[in-house]
Amino acid sequence: MEKLIAYCGLDCAQCGAYLAMKSDDQALREKTAAEWTVKFNFNFTPEMINCSSCKEGGVRMGYCSQCEIRKCASGKGVADCGACADFKACKTINDFIAQVPCAAKNLSQN
């Protein structure tokens with residue numbers, strides 16, 4: 001499967017919200033909402049589970065619509081944070097990577 005790497009390094013092609021939106025799969029929306037409600041301690045509804053990725057300018061969910069990483073990277077015109085000259089010194093992306101280590105691997109592949 002081809003990857004769709006977000007500015008932060010998450011692979012949108014593996015995300016339940018992206019996959020549910022792309023295939024218009026209501027069962028996947030419901031499953032993802034239930035999983036994320038437990039995982040993130042926030043009441044997600046199936047209606048919230050739609051996203052076409054931050055790079056494609058589509059529907060953004062919750063925090064993603066306010067994401068400082070997305071705003072910064074898109075403002076700088078870089079493909080993702082791994083392509084930014086400030087990547088190693090950036091506290092924002094490094095704090096995120098500390099919470100989501102798989103993102104680092106995706107960014108280092110640039």
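The following paragraphs lead through a predicted model of one protein chain, from its overall build to its helices and a few individual residues.

The protein chain contains 5 helices and 0 strands, so that, read from the N terminus, its elements run α-α-α-α-α. For a chain of 110 residues, a compact globule would be expected to have a radius of gyration near 13 Å, and the value of 14 Å computed for the protein chain agrees with that expectation. Along the principal axes, the C-alpha atoms fill a box of roughly 40 × 25 × 25 Å. Of the 110 residues, 36% are buried, and the surface that the protein chain exposes comes to about 6900 Å², of which carbon and sulfur atoms supply 56%. Among the contacts with a sequence separation of 6 or more, 46% are between residues 24 or more positions apart.

A convenient place to enter the fold is helix H1, which covers residues 16-23. Its buried residues are Gly 16, Ala 17, Tyr 18 and Ala 20, and these pack against H2. Just after H1 comes Asp 24, with a positive phi of about 50 degrees. Most residues other than glycine have a negative phi. Asp 24 takes its positive value although it is not a glycine; the residue lies in the loop between H1 and H2, and with a relative accessible area of 58% it passes the 50% mark above which a residue is called exposed.

Helix H2 comprises the 15 residues 26-40, which at 1.5 Å a residue should span 21 Å, and the 20 Å between its end C-alpha atoms agrees with this figure. At the start of H2, a side-chain oxygen of Asp 25 comes to within 3.1 Å of the backbone nitrogen of Ala 27. At the other end, H2 is followed by Asn 41, which has a positive phi near 50 degrees.

Which residues of H2 are buried? They are Arg 29, Thr 32, Ala 33 and Trp 36. Because these residues cover an arc of only 105 degrees around the axis, they are placed on the same side of H2. The face turned away from that buried side carries the exposed residues Ala 27 and Val 38, whereas the buried residues of H2 pack against helix H1. The packing can thus be followed from either helix, since the buried residues of H1 are in turn packed against H2.

Thr 32 lets the reader look at this arrangement through a single residue of helix H2. Its relative accessibility is 3%, and it therefore counts as buried, the limit being under 20%. When residues up to four places away in sequence are set aside, Thr 32 touches Gly 16, Ala 17 and Ile 49. Of these partners, Gly 16 and Ala 17 are among the buried residues of H1.

Beyond H2, the loop that leads to helix H3 (68-76) contains Ser 53. Ser 53 has a positive phi of about 90 degrees although it is not a glycine. In contrast to the exposed Asp 24, Ser 53 is buried, as its relative accessible area is 1%.

Toward the C terminus, attention turns to helix H5, residues 101-108, whose buried residues are Ala 103, Asn 106 and Leu 107. Seen down the axis of H5, they fall within an arc of 95 degrees and so line one face of the helix. The face turned away from this buried side carries Pro 101, Lys 105 and Ser 108, which are exposed, while the buried residues pack against helix H4 (91-99).

The last residue to consider is Leu 10, which lies in the segment before H1. Leu 10 is partly exposed, because its relative accessible area of 34% falls between the limits for buried and exposed residues. Leaving aside neighbours within four places in sequence, Leu 10 is in contact with Leu 4, Ile 5, Phe 96, Val 100, Ala 103 and Asn 106, and among these partners Ala 103 and Asn 106 belong to the buried residues of H5. Ile 49, one of the residues touched by Thr 32, is 39 residues from Leu 10 in sequence and 16 Å from it in space, C-alpha to C-alpha.

Conventions. Residues are numbered from 1 along each chain as its sequence is written. This is a predicted model: local features need pLDDT of at least 70, side-chain atom pairs count only at pLDDT 80 or more; totals for chains, interfaces and linings use all residues. Side-chain values use heavy atoms; hydrogens and water are left out. Helices (H or I, at least four residues) and strands (E, at least two) are DSSP runs, numbered from the N terminus. The expected span of a helix is 1.5 Å times one less than its number of residues. Buried means under 20% relative accessible area, exposed over 50%, partly exposed in between (1.4 Å probe, protein chains only). The arc is that of the directions from the helix axis to the C-beta atoms. Contact means heavy atoms within 4.5 Å. A polar contact is a pair of N or O atoms within 3.5 Å; within protein, one must be able to donate a hydrogen and the other to accept it, and residues adjacent in sequence count only if both atoms are side-chain atoms. The radius of gyration is taken over C-alpha atoms; the globule rule is 2.2 Å times the number of residues to the power 0.38. Accessible areas come from the Shrake-Rupley method with a 1.4 Å probe; for residues, only the protein chains shown count as cover.
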